[in-house]
Amino acid sequence: MGLPNDLRAAVEHAPPPEFDLDQLIRQGRARKVRSSVFATVGAFAVVGLVLAAGYATAAGFRSAGPGPVVPQQPGAPAPAPASASEMAPPAFPLPSASDGPQWIDRTRTIVGTPAEQANAARLTAALAQLPAELAVPTDGSVRFTVRHQPPIGTMYNAFWSAEGMQFSINIWTEEPGADDDCSPGEDPNGCAGDRDANGIVYVTGAEEYFGALYVRDDGTFVDFLVQVEPGTERVPSDVRSSVRDAARSPGLTLFP
Amino acid sequence: MDDAEFREFIGTRLDQVRRTAYLMCGDWHAADDAVSTAVLHVYQNWRRVSRMQNVDAYLRRSVINAWLDERRRPWRRERSVAELPPRAGADAVAPVDDRLAVLKHLDQLPARRRAVIVLRFYCDLSVDETAQVMECTPGTVKSQTARALDTLRESMVDVTDLASKE
């Protein structure tokens, strides 16, 4: 027969595949979303570290007084007298509670349809159920807004700043069953997920930040991030566990 | 991402790729594992992959890499056991043995030589095309092919007409 014919004969009766192409595509889509989310968290962590380092440098500069005298160029205006209150602010914008977390692109906030506004209001009401460690302001200043986030589509976001940390929750929807079953250690972006009755929670973090992504079986993705502000060294462990629990809060779903 | 384009691409190649993977793995379960891993990988990189000149080569390479990666995992390594598992009688498996004899011979080959044989003599790729898939030089493909055919020849596999393709 010859080798080529032997090879063809060996695969003549192929059984049906054991995998479902649609399911694979859903897994691929979920991984891409998760990768982008965690990449965002990582980028934000880097930004936070830079800000913290810059803040520390600026604070040290203030306490040490003005730096060495730079020879003045002929014709240049005389420098203004320096005092502690007149020191120039750092060249970078320090975040404040009103600015919101750096990872939010405010230009994508939209008004939303009536249904989306109703979703945002319902999610806002659910914030009251979050653990006290998350220090959600109770004065009504924190609410979910509707955003347009390509390629995901509609995303709901709420953020606040409290106790030296910034909190942000992003909620959106994907096709149900978009979780995957990759083996531990295969995927650095999320194979450490823990399944519960309603979905899988993936966590990531370092001392300065912590993120929990909850992929609900109903297709809701809840991405809860916390990041220290300059002056805060680390995210406390009770806040981490609260973030992890809050991401799984029953009220934070788009399919109540 | 254009899912429709990806589905069309995979849909027309899935059967062939599964059979290729089976010849490399010698096991339909392992073949489906490798193919599903490769399909997932291609899907995740489809925006870039779809612009490549030879998307088929990328898909085949992904399957081979998935299979080679899987072979390297510790739990896939062969384990010694105190007693051999029971086997069916010779009469019952004779027709299957005939059909799968070539797989037994292929199993004697190192992984990459086995892949070269499958790509060249089942997928009917040229030396250059095989080199592209295997990410090696054409000279390496030729030498791997020659050595693999020597091994198969010793196993009484009919490779007489393939000398010109070495």
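**A helical chain B against a chain A with buried strands**

In this predicted model, Phe167(A) of chain A stands opposite Val226(A) in β8(A). That pair belongs to the junction of β4(A) and β8(A), which are joined by 9 bridges and run antiparallel. Another facing pair across these two strands is Gln166(A) and Gln227(A), the latter in β8(A).

Strand β4 of chain A covers residues 165-173, and 9 of its 9 residues are buried, so the strand is largely enclosed by the rest of the structure. Burial applies to both faces of β4(A). One side carries Met165(A), Phe167(A), Ile169(A), Ile171(A) and Thr173(A), and the other carries Gln166(A), Ser168(A), Asn170(A) and Trp172(A). This division follows a general pattern: in a regular strand, side chains alternate between the two faces of the sheet.

β4(A) also pairs with strand β3 of chain A (residues 153-162), in the antiparallel sense and over 7 bridges. Here Tyr156(A) stands opposite Ile171(A) in β4(A). The hairpin of β3(A) and β4(A) has 2 residues between the strands, and Glu163(A) takes a positive phi near 50° in it.

The other partner in the opening pair, β8(A), can be described in a similar way. Of its 9 residues, 9 are buried, so β8(A) is largely enclosed by the rest of the structure. Thr220(A), Val222(A), Phe224(A), Val226(A) and Val228(A) point one way from this strand, while Phe221(A), Asp223(A), Leu225(A) and Gln227(A) point the other way.

β8(A), residues 220-228, is joined by 7 bridges to β7(A), and the two run antiparallel. Across this pairing Ala212(A) stands opposite Phe224(A), and Gly211(A) stands opposite Leu225(A). The hairpin of β7(A) and β8(A) has 3 residues between the strands, with Gly219(A) at a positive phi near 100°. As for β7(A) itself, residues 209-216, 8 of 8 residues are buried, so this strand too is largely enclosed by the rest of the structure. Its two sets of buried residues are Tyr209(A), Gly211(A), Leu213(A) and Val215(A) on one side, and Phe210(A), Ala212(A), Tyr214(A) and Arg216(A) on the other.

Chain B is built from helices. It has 8 helices and 0 strands, in the order α-α-α-α-α-α-α-α along the sequence. Buried residues account for 34% of the 166 residues in chain B. Among the contacts in chain B between residues at least 6 apart in sequence, 60% join residues at least 24 apart.

The next topic is the nonpolar cores. In general, nonpolar side chains of soluble globular proteins tend to be buried together. The largest nonpolar core here has 45 residues, and Ala21(B), Ala34(B) and Val63(B) touch the most other members. Elements giving two or more residues to this core are α1 (3-10) of chain A and, from chain B, α1, α2, α4 (55-72), α5, α6, α7 (127-134) and α8 (138-154). The core draws at least three residues from each of domain 1 (3-76) and domain 2 (90-156) of chain B. A second, separate core has 37 residues, including Trp160(A), Leu213(A), Tyr214(A) and Phe221(A). Back in the largest core, Val63(B) is in contact with Val17(B), Thr20(B), Ala21(B), Ala34(B), Val35(B) and Ala38(B), leaving aside its neighbours within four places in sequence.

The two chains also meet in a contact that takes 28 residues from chain B and 22 residues from chain A. On the side of chain B that touches chain A, α1 (3-25), α2 (28-44), α5 (90-106) and α6 (111-121) of chain B each supply at least two residues. The largest share, 8 residues, comes from α2(B). By type, the residues on this side of chain B divide into 17 nonpolar, 3 polar and 8 charged.

Confidence varies along chain B. The chain averages a pLDDT of 79, and 75% of its residues score at least 70. In chain B the mean is lowest in α5(B), at 63, and highest in α6(B), at 92. Over residues 74-82 of chain B, pLDDT stays under 50, and the model has 2 contacts for them beyond four places in sequence. Residues 84-94 of chain B also stay under 50, with 1 contact beyond four places in sequence. For the complex, the predictor gives an ipTM of 0.79 and a pTM of 0.47.

How values were computed
Residues numbered from 1 in each chain as written. Chains lettered and ligands numbered in written order. Predicted model: local features only at pLDDT ≥ 70, side-chain atom pairs only at ≥ 80, totals over all residues. Contact = placed C-beta atoms within 7 Å. Helix = DSSP H or I, 4+ residues; strand = E, 2+ residues; numbered from the N terminus. Nonpolar A, V, L, I, M, F, W, Y, C, P; charged D, E, K, R; others polar. Buried ≥ 20, exposed ≤ 12 C-beta atoms within 10 Å, placed from the backbone. Pairing = 2+ DSSP bridges. Core = buried A, V, L, I, M, F, W, Y, C linked by C-beta atoms within 7 Å. Domains from an automatic or database assignment. pLDDT = per-residue confidence, 0-100.
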